[in-house]
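Please open the model in your viewer and keep the selection panel at hand. The tour begins with the whole chain and then moves to single residues.

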Amino acid sequence: MLESPLLFHTAGYINGSWQRGVGDSFQVTNPANGEVLAEIPTMAAEETRQAIEAGRHALEHCAGLETRRGWLRGISEALIAHREEIGRILTHEHGKPWKEGIGEVDYAAGFFDYCAENIGLLKPYTLPEQPRGLNWTVYHRPAGVVGLMTPWNFPIGMIAKKLSAALAADCSCVVKPSSKTPLTMIALFDLIDRHLDLPPGKVNLVMGGACPITDTLMEHPDVRVISFTGSTAVGRQLIRKSADGIKRLTLELGGNAPFIIFADADLDHAAEQLVSNKFRGGGQTCVCSNRIFVERKVAPAFAEKLAEKASALRVGNGMDANTDIGPLIDRSGYEKVRSHLTDAIDKGARMISGGDPGEWSTARGFFRPTVIRGVAPGMLVSREETFGPLVPIAEFDSQEEVIARANDTEFGLAAYLFTADSERAGHIVSRLEFAHVGWNTGSGPTPEAPFGGMKQSGFGREGGPEGLVEFIETQTVACPP
């Protein structure tokens, strides 16, 4: 079992107190070695209803803007003060290197800082015009009780995006983390419980099976907004279930990011950026590059540079200071990456570095960074999100060709472009059907800028001024001057 001063309570949190479910429990394991880290009580529909009811009552305690700013700053300060311990917990349940876990805590704190600094955007304002001879004032009211559902790949980063904006809006929150990585969330709630004076029911934590909790959130009339990060398949289900209650949704769904490299690009820089982008979290991120398009005449040289850098990365337990890439999250994730590699090789792709690590075994999900060339459109790596450290390189000959191939996906989350030609870059970026585009950088989102998806990668935004208003209802009041 994982010992930590932030994990004294391995339980849910409802109405300001720690609560255990009445059903069975589920195990949280370390993907690096299979060690059982904790037994977590399974919560279901009844506990979720209790959390929603507690949240509804908490809405009666309207908090002023400065009070909410204090909450946000308090959470940020607590995260930074405990960044190494939260990072350690995160590494044990996710597998990513400890240094990455600590970096994710810093990233999470940035969202609370941003919302605290910019919460003034939610102040009411009066129109300078007086249409119809009246004063018109616009207010930003809390949407109500909101459901926040997060994935396993960023256990603290994803909840920070949602919770910071929801608390800035003065909403009450019911949080449902992934059952694969609930311990980081418990640690966050421990900090909130000990360091913040929130009204009981303002934040609630329920853990367990996805269906009973999700269905209750979707069916309950007091839940007005659902914010979900996860697969497009689940996103479609949520859209269908939201119809009867006319619930608002913020959905960040799957990705299939193109990484485009023209011959005039700085190939060393592009290779470095690709390594940092692709292998973060073991390649298990929605914004990491999934399809690599390299202009044909430089493809051999680029593949050689990339293979050299990828081969230098060390794979192992995330708590080892020398580890660059941890294990994949579980057996199904491991087998998906392996099936993508096998499919590509069977259909004519060539191995450049790395290789098939073999069947799942007691060695757990350690998958070496692997680079392949000769990738064609019919391969799984071209059609599906791999979610692992497999780099498939395809070659292209013209600008129009690569734009078409990059956009040839149902997803539209992130894309990356490397070229020294600014005119070309401007033209291509304007035609890429992706909501986040990096030009000569592999950088992902930041708290200061809006992030979300186009097409079947979802809708709504997190971060930036746009993310700050996802959990508010706009009320316009007209009255005589």
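With the whole protein chain selected and its surface shown, about 18,500 Å² is exposed, and carbon and sulfur atoms supply 51% of it; such accessible areas come from the Shrake-Rupley method with a 1.4 Å probe, and for residues only the protein chains shown count as cover. This is a predicted model, in which local features need pLDDT of at least 70 and side-chain atom pairs count only at pLDDT 80 or more, while totals for chains, interfaces and linings use all residues. Residues are numbered from 1 along each chain as its sequence is written, and side-chain values use heavy atoms, with hydrogens and water left out.

Of the 481 residues of the protein chain, 57% count as buried, where buried means under 20% relative accessible area, exposed over 50%, and partly exposed in between (1.4 Å probe, protein chains only).

Switch next to a cartoon view, in which the protein chain has 15 helices and 22 strands; helices (H or I, at least four residues) and strands (E, at least two) are DSSP runs, numbered from the N terminus. Reducing the display to C-alpha atoms, you will find that they fill a box of roughly 70 × 60 × 40 Å along the principal axes.

Now select Ser172, which is found in strand β8, residues 172-176. Is Ser172 buried or exposed? Ser172 counts as buried, because its relative accessibility is 0%. If you display its surroundings, leaving aside residues up to four places away in sequence, Ser172 touches Gly55, Ala58, Leu59, Gly144, Val145, Val146, Gly201 and Lys202, a contact being heavy atoms within 4.5 Å. Among these neighbours, Gly55 deserves a distance label, since its backbone oxygen lies 2.8 Å from a polar atom of the side chain of Ser172.

From there, step back along the chain to Asp170, whose place is in the loop between α5 (157-168) and β8. Asp170 is not a glycine, yet it has a positive phi of about 70°. With a relative accessibility of 5%, Asp170 counts as buried.

Finally, select Lys455, found in strand β20, which spans residues 454-455. What is the phi of Lys455? The angle is near 50°, a positive value in a residue other than glycine. Lys455 has a relative accessible area of 37%, and is therefore partly exposed.

Note on methods
A polar contact is a pair of N or O atoms within 3.5 Å; within protein, one must be able to donate a hydrogen and the other to accept it, and residues adjacent in sequence count only if both atoms are side-chain atoms.
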